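These are my notebook entries on a single structure. I set down what I looked up, topic by topic.

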Amino acid sequence: MRFISIEHAQEGMIVGRPLRGRNGETLLTPGTALKGTFIETIKRLRYSGLYIQDEFSEGIEVEDIITDDLRQNAVLAVRRLEADMVSGSSRGFGSQIEAFAGFIDDIIESVLSNKDTVMNLVDLKIFDQYTYQHSVNVCVLSSVIGVAMGLDRAQLFNLGMTAILHDLGKFFIDKELLNKPGRLTGEEFAVIKKHPEMGCDYLRRNCYYSSSIYIGVLQHHERYNGTGYPHGRSGSDIHIFGRIIAVADVYDAITSLRPYHEPVLPSEAHEYIMGNSGQHFDPDVAGVFIRKIAPFPEGVEVLLSNGLRGVVYKNYPEFMTRPLIKLLPIEGYTPKVEFIDLKDDSSLFNVTITKVFT
Ligand SMILES: [Fe+2]
């Protein structure tokens with residue numbers, strides 16, 4: 001299976017991974033042949049692309065770290081929570097949080113049972129469902145970091161709950177402002193910057209789990225070097241949950257299409273996290289993160305510096321910029337070998353990945 005951008009989707013291509021609609025309904029199941037109407041629907045939802053199966057990508061299996069159903073149910077639960085809070089009803093908040101507790105236990109269970117694997121999936125989001133999908137993604141990514149850092153089960157639960165609720169305060173802020181395409185005025189930014197405190201206050205009053213949850217929510221925009229908000233805390237004065245979620249949040253946000261920016265590639269997001277290690281981000285957290293998330297996910301098409309093109313076939317966890325590549329024919333040229341191994345073939349040590357096609 002491999003990832004293709006939506007511009008390259010053609011009728012007759014065979015779907016590799018399920019795609020869901022706005023309400024969690026299954027739009028496409030693996031094995032379905034694409035039709036023009038399906039492609040139009042995927043474009044309308046503004047998915048960046050999809051996974052397909054073809055002869056070039058045989059043998060590449062791309063698995064999510066949690067099941068598709070768990071992800072969808074958690075996304076819908078976040079959406080329900082927002083709807084209730086926006087309508088002013090705090091009735092039912094307790095029972096909704098109970099449901100979140102179930103999802104978080106399941107997410108942590110999945111992450112623990114896959115703790116030696118790296119995240120290899122190109123995440124696919126529906127444009128207008130970003131808020132909910134982002135909350136769940138930040139929860140999954142934070143759990144991956146927490147497990148890799150050796151947090152115990154109780155801490156992982158609290159971290160997962162903090163992560164899924166980290167932007168709860170945004171539910172109280174005007175959506176038009178949150179999705180404003182252009183530059184924010186100082187005043188507008190000041191409103192948005194209130195969301196960690198608003199989320200924290202709400203949870204302090206309504207959620208009776210550990211205080212570490214609302215402290216983590218409060219501190220997820222603090223920066224390691226003290227330049228963040230709301231309090232300009234630095235280093236270990238920022239709760240570990242805040243430091244972990246800061247990395248997961250930024251990674252997921254910058255790799256997503258937003259009204260005010262185009263998505264960056266996973267490899268570019270890696271560079272960003274590395275470049276800000278010790279600045280915005282705790283270097284220990286950033287170091288763990290870049291070892292757990294593939295910069296070149298399996299199944300993406302890449303261009304190599306020697307002019308060859310291929311699909312990332314297999315990542316080596318300790319050498320993630322040097323994957324095994326399955327070569328693709330290019331116009332007028334069929335490569336003599338099927339695979340090249342950037343890690344093990346010493347004749348290729350100066351060959352690098354120069355472009356990712358998404
Ligand atoms: Fe936030």
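I counted a salt bridge wherever a side-chain nitrogen of Lys or Arg lies within 4 Å of a carboxyl oxygen of Asp or Glu. By this rule I obtained 16 salt bridges. I note that this is a predicted model, in which local features need pLDDT of at least 70 and side-chain atom pairs count only at pLDDT 80 or more, while totals for chains, interfaces and linings use all residues. Residues are numbered from 1 along each chain as its sequence is written, and side-chain values use heavy atoms, with hydrogens and water left out.

Entry 1, salt bridges.
I looked up D68 and found it bridged to R20, with the closest N and O atoms 2.8 Å apart. D68 belongs to helix α2 (residues 68-86) and R20 to strand β3 (residues 19-20), so this pair ties together parts 48 residues apart in sequence. For helices and strands I used DSSP runs numbered from the N terminus (helices H or I, at least four residues; strands E, at least two). For burial I took under 20% relative accessible area as buried, over 50% as exposed and anything in between as partly exposed (1.4 Å probe, protein chains only). D68 and R20 are both buried.

I next examined E82 and K175, whose side chains meet in a salt bridge at 2.7 Å, N to O. This pair links distant parts of the chain, with E82 in helix α2 and K175 in helix α6, 93 residues apart. E82 counts as buried because its relative accessibility is 8%, whereas K175, at 41%, is partly exposed.

I also recorded a network of salt bridges that links R2, D54, E301 and R309.

Entry 2, helix α10.
I compared the length of α10 (residues 240-254) with the expected span, which is 1.5 Å times one less than the number of residues. The 15 residues should span 21 Å, and the end C-alpha atoms are 22 Å apart, which agrees. Of these 15 residues 12 are buried, so the helix is largely enclosed by the rest of the structure. Among the buried ones I list F241, I244, I245, V247 and Y251. The cover over the buried residues includes α4 (130-148), α5, α9 (211-218), α11 (266-275) and α12 (283-292), where contact means heavy atoms within 4.5 Å.

R243 of this helix forms a salt bridge with D282 (2.8 Å, N to O). D282 lies in the loop between α11 and α12, 39 residues from R243. Both R243 and D282 are buried.

Entry 3, the iron ion.
Which residues coordinate the iron ion? I found D167 (OD), H195 (NE2), H220 (NE2) and H221 (NE2), at 2.1 to 2.3 Å. The donor residues are spaced D-x27-H-x24-H-H in sequence. D167 sits in the loop between α5 (153-164) and α6 (175-178) and H195 in helix α8 (residues 195-206), so the pair ties together parts that are 28 residues apart in sequence. D167 and H195 are both buried.

Entry 4, the open sheet.
I traced three strands in the order β1-β5-β2, with antiparallel pairing. β1 (2-5) and β2 (14-15) stand at the edges with a single partner strand each, so one side of each has no neighbour in the sheet. Strands pair if DSSP finds at least two bridges between them. β2 and β5 (residues 49-53) pair over two bridges, and V15 stands opposite I52 in β5.

Methods:
Donors = N, O, S within 2.8 Å, 3.2 Å for Na, K, Ca; no water.
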